[in-house]
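Me: I've got a structure open and would like to talk it through. Can you start with whatever term I need for reading the strand pairings?

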Amino acid sequence: MIRQGLSLFVLIIFPLTLSGQEIISGLQINKQVAKPFETHSSKGSDMISLPFFDDFSYSSPVPDQNKWDDQYVFTNNTYSNNQITKGVATFDILDNSGMMYDTPTPLGFAADKLTSSPIDLQLAASSNIRLSFLYEAGGLSDEPEPSDSLTLQFYSPDENNWYSVWRASGKTERGFKNVIIPVDNPRYLKRGFRFRFINYASLAKNTMDQSMIGNCDIWNIDYVLLNAGRNPGDTTYADVAFTLPLRSVLKNYEAMPWKQFKQASLLEMGLYIPVRYRNNDDVTRNVTRTFEIKDIYSDIIVHSFSGYAQDASPESDIDYQANLIYTFESPISDSSLFKITCSLKTSEFDPKGNDTIVYYQTFKNYFAYDDGSSEGGYGINGLGSRNAMFAHRFTSYFNDTIRAIDICFNDSYLNANRRAFNLMIWKDNKGLPGENIYRKEDVIVENGSSINGFYRYYIPEGIPVEGVFYIGWKQQTETFLNAGFDINTPHNGKQYYWLNGAWSQSQTNGTVMIRPVVGQPLITGIEDNVLSREDAIKVWPNPAGDYISVSMANDYLMSRSYISISDFSGHELLRVPYSEIIDISKLHKGIYIISILSNGKRMGNNRFIKSR
């Protein structure tokens with residue numbers, strides 16, 4: 001499922017003077033980095049030696065602290081589809097805590113920066129030291145304005161001063177471009193040399209609806225390399241790398257209920273694993289592809305195979321579909337989790353960090369088309385949109401019951417989107433939403449605090465569904481609700497909006513982040529004295545390998561909680577926002593205490609064994 005290109009934009013005209021329409025805006029808060037990250041100060045004795053290299057191919061949402069002195073940019077693989085290796089560093093108007101900067105104006109301001117750690121550059125000018133990188137304006141997001149820019153600066157240690165050495169304006173054409181710059185001025189050839197990128201951005205003018213104010217003026221950079229012995233044309237990289245993330249191998253969903261999948265595995269199981277990689281070299285390279293599927297709950301590799309070797313032409317992208325002769329199976333009755341790993345075997349000199357991609361195929365109690373990552377905001381806005389409706393189509397393969405609807409509503413500027421709407425469920429009518437079978441009026445937009453931002457709207461009475469059904473909302477005003485929008489997953493004709501008395505298929509290419517939760521009744525409340533019991537948090541598998549899955553009895557609490565793992569001496573070894581999957585690969589063998597923390601209080605605990 002290769003991603004479709006889509007540009008996000010922030011409306012720059014008076015939206016209330018327009019007739020109703022679908023609108024996509026930028027994020028006001030990026031929850032993937034919405035917590036404070038400590039930055040470390042530079043120390044003259046902690047020098048990096050050449051070569052300096054980073055292609056941002058790691059899974060962390062912030063830059064590698066061994067190479068960079070700040071963490072303002074967002075490292076990701078979702079804001080561009082033209083990168084030469086997986087991962088880019090994205091410059092925007094959100095700071096290192098994921099919040100919009102305090103000083104944005106339409107007149108322009110300095111936003112993100114990315115500063116290298118001190119580098120030992122005490123070399124002769126004849127060493128032919130050069131810095132190269134690739135940069136892109138906009139990517140899949142909002143393009144910079146002509147007055148915006150991305151600037152590169154060099155630092156002179158003796159003078160304690162920064163000098164601008166390169167600049168790209170917002171008029172830059174789309175797509176990545178190569179830059180290589182000599183570092184030969186004696187003022188830079190010192191111990192403690194640094195370089196940094198800064199983006200200068202500006203808010204859109206005349207945006208009357210504050211719920212639409214959001215992230216904008218995006219720049220991406222990739223493949224930063226500083227080294228000696230280079231020439232001016234040294235912008236070819238002897239590297240074969242994955243470029244796009246691995247996606248669901250199901251035909252329709254990113255995630256779906258395990259019982260639903262077992263009922264319809266022949267209809268839903270994909271026939272191949274789709275991957276994209278690129279030969280960035282100027283010569284043909286031979287590449288071997290390998291694939292592995294692991295049942296996380298059972299800690300067993302259930303399927304592995306080779307995609308064999310194939311020559312990759314110089315500077316070419318390869319879309320490969322690995323035949324998948326396998327159907328997910330597990331002894332667990334209510335949920336399952338599988339880790340899919342794809343790897344490239346390349347030359348010894350080839351950088352290895354970008355040769356592996358991983359995806360977790362999730363089967364729980366909900367259907368999802370989105371990948372859990374919001375890159376923008378969706379809404380229906382303008383004149384005539386007071387009663388506008390949005391609907392997303394799903395299919396239940398047997399008589400099931402909707403117990404809740406999860407919706408990711410983005411945080412908006414000054415909580416401007418905290419408005420009332422009607423939560424809706426419809427039957428199908430010849431491929432369009434038909435009879436309304438559930439309506440809850442005056443529901444308030446709520447912002448979930450988990451990393452993917454979902455808030456759960458419970459339906460205690462349950463709504464029976466079978467076959468095609470639709471979930472969504474009806475607006476009560478002509479203003480923007482700002483629902484999470486996944487730009488990387490096309491909706492494939494399953495999204496609809498209602499305006500002027502008729503349903504129309506959505507003209508956007510991404511997916512609105514809304515999910516039906518089905519199956520058995522959900523536990524919606526729990527007494528405080530129960531939370532301290534060990535059965536308040538479940539952990540499996542136990543004993544565990546590199547990963548554990550966790551769940552709590554209280555769904556509402558877990559979206560506002562942290563996972564803490566300690567040894568028996570009470571020393572905390574790991575603390576992360578609540579997630580269904582926790583990576584414990586860095587822990588040694590032993591017995592550990594796992595706890596749920598909410599508002600700084602330890603609410604529930606349990607024990608588990610790491611066996612390897």
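Reply: Sure, and keep in mind that this is a predicted model. Two strands pair if DSSP finds at least two bridges between them.

Me: OK, so what is the bridge partner of Thr288 in β19?
Reply: Thr288 is bridged to Lys345 there.

Me: And how many bridges join β16 to β19, and which way do the two run?
Reply: Eight bridges, with the strands antiparallel; β16 covers residues 285-295 and β19 covers residues 336-345.

Me: What's the strand order in the open sheet of five?
Reply: The order is β14-β20-β19-β16-β17, and the pairing is mixed. At the edges sit β14 (255-257) and β17 (300-312), each pairing on one side only. From one strand to the next, the twist averages 15°.

Me: There's an open sheet of four strands as well. What's its order?
Reply: That one goes β1-β21-β26-β29, with antiparallel pairing. Its edge strands are β1 (21-25) and β29 (511-512).

Me: How many bridges between β1 and β21?
Reply: Five, in the antiparallel sense, with β21 spanning residues 376-381. One pair to click on is Ser25 and its bridge partner in β21, Gly377.

Me: Hairpins next. What's going on with β27 and β28?
Reply: β27 (residues 495-499) and β28 (residues 502-505) run antiparallel and are joined by four bridges. Trp498 stands opposite Trp503 of β28. Two residues lie between the strands of this hairpin, and Asn500 takes a positive phi near 55°.

Me: Let me zoom out. How many helices and strands does the protein chain have?
Reply: Four helices and 37 strands. The chain has 612 residues, and 57% of them count as buried.

Me: What share of the contacts join residues at least 24 apart?
Reply: 77%, taken among contacts between residues at least 6 apart in sequence.

Me: Now the nonpolar cores. Which residues touch the most other members in the largest one?
Reply: Ile273, Phe328, Ile402 and Phe421, in a core of 67 residues. Strand β25 (residues 454-475) gives the largest share of this core, eight residues. Another core lies apart from it, with 32 residues that include Ile129, Leu131, Ile221 and Val224.

Me: Phe91 caught my eye. Where does it sit, and is it buried or exposed?
Reply: Phe91 is in strand β4 (residues 88-91). Phe91 counts as buried because its relative accessible area is 0%, and the cut-off for buried is under 20%.

Me: What does Phe91 touch?
Reply: Not counting residues up to four places away in sequence, Phe91 touches a list that includes Val73, Leu114, Leu150, Phe197, Trp219 and Ile221. Polar and charged names turn up too, among them Asp112, Lys113, Asn199 and Asp217.

Me: And how far are the C-alpha atoms of Phe91 and Phe74?
Reply: They're separated by 6.9 Å, with the two residues 17 apart along the chain.

Me: Switching to polar stuff. Which side chain does Ser132 make a polar contact with?
Reply: Arg230, side chain to side chain, at 2.8 Å. Ser132 belongs to strand β7 (residues 130-137).

Me: Why does Ser132 count as buried?
Reply: Because its relative accessibility is 0%. Leaving aside neighbours within four places in sequence, Ser132 is in contact with Val179, Ile180, Tyr223, Val224, Leu225, Arg230 and Tyr237.

Me: What about Asn354, where is that?
Reply: Asn354 lies in the loop between β19 and β20 (356-364). Asn354 is buried, too, with a relative accessible area of 0%.

Me: Which side chain is joined to Asn354 by a polar contact?
Reply: That of Asp55, at 2.7 Å. Beyond neighbours within four places in sequence, the contacts of Asn354 include Ser57, Thr85, Lys86, Asp239 and Phe242.

Me: Last thing, cysteines. How many disulfides does a search of the whole structure find?
Reply: Zero.

Me: Are Cys342 and Cys408 buried or exposed?
Reply: Cys342 is buried, with a relative accessible area of 0%. Cys408 is buried as well, with a value of 2%.

Conventions. Residues numbered from 1 in each chain as written. Predicted model: local features only at pLDDT ≥ 70, side-chain atom pairs only at ≥ 80, totals over all residues. Heavy atoms only, no water. Axes fitted to C-alpha atoms, helices over the stretch in contact; angles between N-to-C directions. Buried < 20%, exposed > 50% of the residue type's maximum accessible area, 1.4 Å probe, protein only. Polar contact = N/O pair within 3.5 Å; in protein donor to acceptor, adjacent residues only side chain to side chain. Contact = heavy atoms within 4.5 Å. Disulfide = S-S within 2.5 Å. Core = buried A, V, L, I, M, F, W, Y, C linked by side-chain atoms within 4.5 Å.
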